[in-house]
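Reader: I would like a close look at a single part of this model, taken slowly and with the terms spelled out. Please begin with one helix and what packs over it, and then work outwards from there.

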Amino acid sequence: MTDLTACYLGHNLPNPLIVSSSPITRDLDQVRMAEDSGAAAFVMHSLFEEQIESESLDLHHHLEAGSESYAESLSYFPNMQTYNTGPDGYLEQLRRVKAAVRGPVFASLNGTSAGGWVHYARLVEEAGADGLELNVYDIPTDPNLTSQQIEDRLMELVRAIRQQIRIPLAVKLGPFYTAPVNLLTRLHGAGATAAVLFNRFYQPDLNIDDLDAVPHLKLSHSDELLTRLHWVGVAYGRVPIELAVTGGVHSARDVIKCIMAGASGVMLTSALLRHGVGHLRQLLADLRHWMEEKEYESIAQMRGSLSLNKVPDPTAFERGNYMRVLRQGVGPTW
Amino acid sequence: MADDRVTIEGNEAAARVAYACSEVIAIYPITPSSGMGELSDQWASEGKPNLWGSVPRVVEMQSEGGAAGALHGALQAGALGTTFTASQGLLLMIPNMYKIAGELTPTVFHIAARSIAAQGLSIFGDHQDVMACRQTGWAMLASNSVQEAGDLALIAHAATLETRLPFLHFFDGFRTSHEVATVTPPTIEQIRGMIRDDLVTAFRQRALSPDHPVLRGTAQNPDVYFQARETVNPYYLACPAIVQNAMDRFAELSGRRYKLYEYVGHPQAERAIVMMGSGCGAAEEAVEALNAAGQKVGLLKVRLFRPFDLIAFAAALPESVKAVAVLDRTKEPGALGEPLYQDVLTALHEAGRSGMSLVGGRYGLSSKEFTPAMAKAVFDNLIATRPRNHFTVGIVDDVTHLSLDHDPAFSTEDPASVRAVFFGLGADGTVGANKNTIKIIGEDTPLHAQGYFVYDSKKSGSVTVSHLRFGPNPIRSTYLISRASFVACHQFHFLERFDMLGLAEAGGTFLLNSPHGPDEVWSHLPRSVQETILAKRLRLFVIDALAVAKENGMGGRINTVMQTCFFALSGVLPRDEAIAAIKKSIQKTYAKRGLPVVERNWAAVDATLDRLFEVKVPAEATAPTRRRPLVSADAPEFVQSVTARMMAGEGNALPVSALPVDGTWPTGTSQWEKRNIALEIPVWDESICIQCGKCVLVCPHAVIRGKVFDPALLDKAPETFKHADARWPDRKGQAFTLQVAHEDCTGCRLCVEACPVKNKSEPRLKAINMAPQPPLRDAEAKNWDFFRALPEPDRATLRADSVKDVQLMRPLFEFSGACAGCGETPYLKMISQLFGDHALIANATGCSSIYGGNLPTTPWAKGDDGCGPAWSNSLFEDNAEFGLGLRLAVDKQAEYARELLARLRDDVGAELADGLLNAKPTSADVRPQRERVKQLKEKLAGRTDAVARDLIAVADSLIPRSVWIVGGDGWAYDIGYGGLDHVLNTTANVNVLVLDTEVYSNTGGQMSKATPRAAVAKFAAAGKRTAKKDLALLAAVQGQCYVARVAFGANDTHTLTALREAESFPGPSLVIAYSPCIAHGFDLSKQLEQQKAAVQSGHWPLFRYDPRRKAAGLNPMQLDSKPPSLPLKNYLYNETRFTVLVQNDPASAEMLLREAEAEVADRWKLYERLAATANGGAS
């Protein structure tokens, strides 16, 4: 029998397939169906730093607006006993998801700076999260902010979160760091157990008729996987941190590539949104079939086999790849 | 400090007791009593139990009359009940009050006593309302302070059960109802000790019950009615002793002792004042000061006014008293004296107390200040050779010369107290911070604390003045501070507008929020401010509070920063203790709104003290300039001499002769009040503007104007005056300008949001963009003056069915005091543009009557021809009927004029007479008819015969009149619905405009029947559980009036069409206008999108129902919006009124959302069916 078990973020999993942070965890029926189809673990949809802040501040602003200005209308809203701002709704859903499934459930916090909101990490732990994924969706638009400052701020945040919790911590990163491998080492030093590569940035599209930049959300494609494979492959075995892949995993072959690059966990969102969570069943069947056909005994046997350290031609991960491509006439023509 | 001390308002003090002692509470909002109902509803929604461990049923009714009726029923059926009201609301309860008293029914109504609308409405305090009830048979008990409002509330609830008489428990509106003070309210054990179970049981046993049936409410005839009326006498005779017993029992329980008639002062006083209400506080201070100075004076406080116990009263007045002045806080025109005066006169006479001089006087109407100095003037009057009787005090009466002079320098302020006055903006949070400060000091220290707050007459950019007293001695000072040891100016530009340092006492502290640092600020101060600082040797401190607030994510809310400065400078608490107390208070106040709110406020506190600096005051004043004149020299004489003084806050000094005798005021005065409240104003980019008129249409304050004109006129244009070629096919060669009234703008940004044009090189810019106001002020002043002087276009050349052309019609509703971004005023402005020069407007009480008619300046204006809307507010409940009356008068006079004209046909000439008689009653015929009437008057000039004189007098009625009945949803859906329904069922040509904000906006957001399901409002704190009443459909199915539902932000052309169709319909018309409001809880600059969402989601389907179409065989019902295409929650959850329920009670929110979705779908199906059938489902 082929052994599909994996270990990610301190948890033994029946297979490496994890439902990535997405709207799926908002719907308990979907969650149950996903687990029945083979999902080994779940990352909750994200609780955003801005969401926590803006919900509270917007409420405050609108309750105060126009108040204490005119003698007849010193306020416009009844004084409620509670407003449940902050994470209460999220924590409740986390509890519900936990209760609905057997596998581990990882909470997801999305933010970029160490502020008062980090104490929500402790709250999600108390609510039963089996781990925490910190999603660092950092868009550094400030021209005065240096890469060093950005990385230092990230470490400060990870340390602040780490201090709040005892459960394992994963950090989900974007692909645009100057020295990703060094960064992964620093993350481990700051207290992260795992790194999830990479966040997908939803770049705005430009509407040339309305003259505006518009939010743009497209499901991922397998092509996007290459960046992940590249950096997981480069990092695997060379940095003391667990690695997971997210973004661009659509087929069993994609899953296999992730594991061979060195991923402990393989996360899916777009494929499940496109095909439904039942798609997991097909992926697992295909994975098992391929492994049996190729006579792989276990996932562990495959893991990292095509990483930089172990691949027959490591130059493919380095500048050599560039040179090779150029020689084949695929690159620029000058 | 006592552990049981709290700092609360008078309303809360009374409501705590009322709630505890009641099973049914029927409520209806009216200022200044609304707070008591709001608290009751809030407590009930929180599950707070009453004295018997059960949560009272709190029900909002459609009017105060309804509340009284419901309560009457509840009392008859055996439930202990209460209500809260004031002013006109109390008057509406009077019919039921007779019944309740006649049936010897125990209950207590708590009244925040308020003026009655007579020559003008006033929301402020006096005893006119309660005095209008003194004949109803109710016992009347007066509280004089916040402490008493709770204590006497309890005594009333106890006494009503034993006496079986209903009680009016009243205290002064605002001065007591809204004063925040440290008090020790009755505990639940004390309440328990006062309310006797046996009496409660007896009350319940008298209830109507089929198990022991009786009959009440019989019709009685001459044989028995009189005797039956006399049966109650023993109850009234017994009442005073029972009340005194209750007071004595309360004293045993609480240690606080009250008397029916309580004398304070010299035991051998020779002169005494008799009065009731909050003025007693000021009078008592005067008594103590005068006695300390060797005089012999006293004060007799009347607590039980009805039944009046002459024996107890006479016994309370020392035998030594030789002269009495009775002060009434009411006016009874034509009476021999006011009620308390007459009662005291009768009492002393019947008690045999002769040999005493007795005078009566009036004071304090509409919260007019009553100070110890005025009380002294009253005492002084008593030793005059011939004491003035029927005097007034506190005003200057130069007409009937009744007023007493007083010396403002006479002060009884406690030198041991800190007296602080804060000038702030409503929007900067000053009042809220001060209320917190009072709580901190009142509850965390042994000091006594008092706060009273004075607000603006405008809703946008409103100024607040907070009066705070703290001290080791109990505070009885029921008047504003005139000698402040601490003055704070929270907005630098106030220095130009107000003489705030006039309130500072010598050696005091002046805290100034200043963008200029300690080394620069002096040169920026107006000269008068510099001079006062020097003359009074004030210490001056500055802080750039706005910078501190912004740096800490607080936006413009500088409240916490300034509060921290106050504590640091006043020394009320040691600094560290004060900082800790402020932070604790922030935590307590804001924690439930979320940690980020608390953290930002804390950060602001921490950042404050390093930025607070004392200014080294130079030896002499250096500023060259004086304050700017408040109004232009071009303003009319009345505006210069009267209005301007009211604007300057000097209205108290205006003598009686300065004011109109019958409440008639000039229109168009808002143009003279340049408030400069916008930090940023819109600036036109003429190079890309397509001149569509959208910005003009949406501007709530009519500050954006468009004009086309002959380019030759530009020769004299100011240098920065902008213009472009007019983009109208038929106006080629003409110039167009879009001008902003920069000093009148509120900075709401609605115009920018409405602009459909984007700058091609920099699309964040539109054809109108916001820019800082101060640098533009001088240039724009010249541009505005030039623009106003340009000729108005000939209306005959403008298409009234085109938004683009309507922008060129001069609005005759401008610069109102409505909130920034108000969703109501664009409709009124459009009506004024289309029909203003021949409009008569009946305006229900509410927001639109306040921003439409609140002094000192009002927005309804007139054109260059002197014509414009004539406007009046009658009441809240009667507006449809009032408007119908206007129409009836116009029609009758027109009919009479036509009759007279027919008789004088030969005299005036057949052509003119026929022209006058055959003119169509349409807006288009106004100007030619006005010209004919002018000719008619010229022809009849000099005639002395009765027919001609009469015709001249009524000739104007031959000009078409557009009668508009305007009001909010509180009026149309609730209190005025009966009248509205009646008027819509007449044939009268009236146009009803309902400005539907879906909530009682003016009184602070209480639920109306227009409030949609799932919305949170006051009186619906748990979310409204029923559907919004479909007023439009109710009217449409009657089949004979024109009905439209409009939303200008969703479809402006549709709104324009509907208003024009409504006006042209020769019978009653109803237009219900979607009006986004600050009470909805969203950024009103986004209201155009939100109006679209309201329509697209099916919440607000647009339709018109025009009975005229039937004649053409068409369906009168036209559905003008598309089927719902937007999920309802995408509309609802943009607004705090809906999201707050999701946060507070997600399960209920989800359930109500589902119900609301079903409701929207069902309504749409119904509308579709009506629009699809041959005759619209109505005949």
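Author: The buried residues of helix H36 of chain B are covered by elements that include H30, helix H35 (969-975), E32, helix H37 (1031-1036) and strand E34 (1069-1074) of chain B; here helices (H or I, at least four residues) and strands (E, at least two) are DSSP runs, numbered from the N terminus. This is a predicted model, in which local features need pLDDT of at least 70 and side-chain atom pairs count only at pLDDT 80 or more, while totals for chains, interfaces and linings use all residues. Residues are numbered from 1 along each chain as its sequence is written, and chains are lettered from A and ligands numbered from 1 in the order in which they are written.

Within H36(B), which spans residues 977-984, the buried residues are Gly979(B), Leu980(B), Val983(B) and Leu984(B), where buried means that 20 or more other C-beta atoms, placed from the backbone, lie within 10 Å of the residue's own (exposed is 12 or fewer, partly exposed in between). Because these buried residues fall within an arc of 130 degrees when seen down the axis of H36(B), they line one face of the helix; the arc is that of the directions from the helix axis to the C-beta atoms.

Two of the covering elements lead on to a sheet. Helix H30 (residues 879-903) of chain B lies across E29, E31 and strand E32 (991-996) of chain B, and runs at about 175 degrees to E31(B); such angles run from 0 to 180 degrees between N-to-C directions, with axes fitted to C-alpha atoms, for helices over the stretch in contact, and contact itself requires C-beta atoms, placed from the backbone, to lie within 7 Å. The sheet is an open one of eight strands in chain B, with mixed pairing and the order E30-E29-E31-E32-E34-E33-E35-E36, two strands being paired if DSSP finds at least two bridges between them. At its edges stand strand E30 (870-872) and strand E36 (1117-1119) of chain B, each with a single partner strand, so one side of each has no neighbour in the sheet. From one strand to the next, the twist averages 15 degrees. Strand E29 (residues 839-843) of chain B pairs in the parallel sense with strand E31 (residues 962-968) of chain B over five bridges, and Asn843(B) has Val966(B) as its bridge partner in E31(B).

Elsewhere in chain B, strand E8 (residues 180-183) points Val180(B) and Thr182(B) one way and Ala181(B) and Val183(B) the other, and all are buried. Strand E1 (residues 6-9) of chain B runs antiparallel to E8(B) and is joined to it by four bridges, with Val6(B) partnered by Val183(B). Strand E18 (residues 448-454) of chain B is likewise antiparallel to E8(B), through two bridges, and there the bridge partner of Val180(B) is Gly451(B).

As for nonpolar packing, the largest core has 334 residues, and Ile155(B) and Val1071(B) have the most contacts inside it; a nonpolar core is a set of buried Ala, Val, Leu, Ile, Met, Phe, Trp, Tyr and Cys residues joined through C-beta atoms within 7 Å. Helix H6 (residues 146-163) of chain B gives this core its largest share, 10 residues. Leaving aside residues up to four places away in sequence, Ile155(B) touches Leu141(B), Val243(B), Ala246(B), Met247(B), Phe250(B) and Tyr258(B).
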